[in-house]
Protein chains: 2
Amino acid sequence: MDEPRWLTDAEQDVWRTFVTMLGALGDHMDRQLQRDSSMPYTYYEILVVLSHAPNRMLRMSELAGLRGSSRSRLSHAVARLEAQGWVERRECPTDKRGSLAVLTDAGFAALAAAAPGHVTTVREAVFDRLSPEQVRDLGRISAAILDGLDPDKTLPGCRELG
Amino acid sequence: MDEPRWLTDAEQDVWRTFVTMLGALGDHMDRQLQRDSSMPYTYYEILVVLSHAPNRMLRMSELAGLRGSSRSRLSHAVARLEAQGWVERRECPTDKRGSLAVLTDAGFAALAAAAPGHVTTVREAVFDRLSPEQVRDLGRISAAILDGLDPDKTLPGCRELG
DNA sequence: CCGAGCAAGTTGAGAGTTCAACCAGTAGAC
DNA sequence: GTCTACTGGTTGAACTCTCAACTTGCTCGG
């Protein structure tokens, strides 16, 4: 195993702060939604994506793709959302293997009820604390990182144990 | 429920990108560590913190505080790490309620084996993709967000249903 | 000393995620 | 047509995290 390029002290500082913020922010958002609307953040996002889709309806795999979620995760999640009456499954007419997830009226109502509190939380936690330049920077930084993650899913040159 | 200040289109874009990056990066880091070193990222971080502590030993609550983790979570995690032989629990001599978590030699070795791959992943996923200014910005932005999250743990003015 | 209250940790149940295995249905090659 | 390979989606077990009890021990006013 070759020595990797270790992080400088400054980089370590940034990484620690970043990772801590990541965890704390995730917890914060999750707790707010769970407390006020009885749903985890990931489920909220599923409802959001469905609400924007034509006829509030999407194939499972499209939904998974748009959310960056695994098929399995989505399947479990939709099962739960279906049990709550917020989503319905329907057969796909053009491909008998497929399933369609449809947002119900109850689901739309739940989303509408959850949205204001969620947006307020996002605003207070993030946008109200950053300057316009920082917001712009955050967008670019996020895009740059995401760009390197999205395509491959697997690590480039990191597999040479032995 | 008053109308919240909704996000502008630009803010929504940033938020979506940011959140997507958050999830993808977390998955990426977790998967790498799980695959190459059979531990989730949160456990890796516990080992790191312990390895920096005097005598590689910390009170459970200190460890939880340093990691921003709940007592319960840490207790479960240490139980698991203990079963793997990477950490040991000891009684606290000054407070019989307390527990000390101690990093074992095996734990230190596991950490040493995991570190290079982890650092390489961090470098490739984040630091190699950002300019020095962006790295600095990321640190400041993270600190600003964290700053608003750390103290209260509860939402400021977001509880007025009815 | 004693009791009330608080702090440190653990535990168990419930919920979400992952991974690997698994059906079913589609698509191409022949 | 049929055989094979692949895709869409589900399922079950193992694992982690959360939340709410619960146990134990410390602390401090009386």
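Here are legends for a few close-up views of this predicted model.

**View 1. Chain B meets chain A.**
Start with the head count: 62 residues of chain B are in contact with 62 residues of chain A. Together the two chains bury about 6200 Å², and 71% of that is on carbon and sulfur atoms. On the chain B side, look for B:Trp15, B:Arg123 and B:Ile141, which lose the most area to chain A and together make up 10% of what that side buries.

**View 2. Charges and polar pairs across the interface.**
Six salt bridges turn up between chain B and chain A. In one salt bridge, the side chain of A:Asp147 pairs with that of B:Arg129, at 3.9 Å from N to O. There are also 11 residue pairs in polar contact between chain B and chain A. Which helix of chain B gives the most residues to the side that touches chain A? That's H1(B), with 18 residues. By class, the chain B side splits into 34 nonpolar, 12 polar and 16 charged residues.

**View 3. The protein around DNA strand C.**
Of the 24 residues around DNA strand C, the ones that come nearest are A:Ser72, A:Arg80, B:Arg59, B:Ser61 and B:Arg89. Sugar and phosphate supply 70% of the strand's atoms that come within 4 Å of the protein. The surface near the strand has three nonpolar, 10 polar and 11 charged residues.

**View 4. Side chains reaching DNA strand C.**
A:Arg80 has a polar side-chain atom 2.7 Å from a phosphate oxygen of DNA strand C, and for B:Arg31 the distance to a phosphate oxygen is 2.9 Å. With B:Ser72, the partner is a base oxygen, 3.0 Å from a polar side-chain atom.

Technical notes:
Residues are numbered from 1 along each chain as its sequence is written. Chains are lettered from A and ligands numbered from 1 in the order in which they are written. This is a predicted model: local features need pLDDT of at least 70, side-chain atom pairs count only at pLDDT 80 or more; totals for chains, interfaces and linings use all residues. Side-chain values use heavy atoms; hydrogens and water are left out. Contact means heavy atoms within 4.5 Å. Buried area is the accessible area (1.4 Å probe) that two parts lose on being put together, summed over both. A salt bridge is a side-chain nitrogen of Lys or Arg within 4 Å of a carboxyl oxygen of Asp or Glu. A polar contact is a pair of N or O atoms within 3.5 Å; within protein, one must be able to donate a hydrogen and the other to accept it, and residues adjacent in sequence count only if both atoms are side-chain atoms. Helices (H or I, at least four residues) and strands (E, at least two) are DSSP runs, numbered from the N terminus. Ala, Val, Leu, Ile, Met, Phe, Trp, Tyr, Cys and Pro count as nonpolar, Asp, Glu, Lys and Arg as charged, and the others, Gly among them, as polar. A residue is near a molecule or strand if one of its heavy atoms lies within 4 Å of it.
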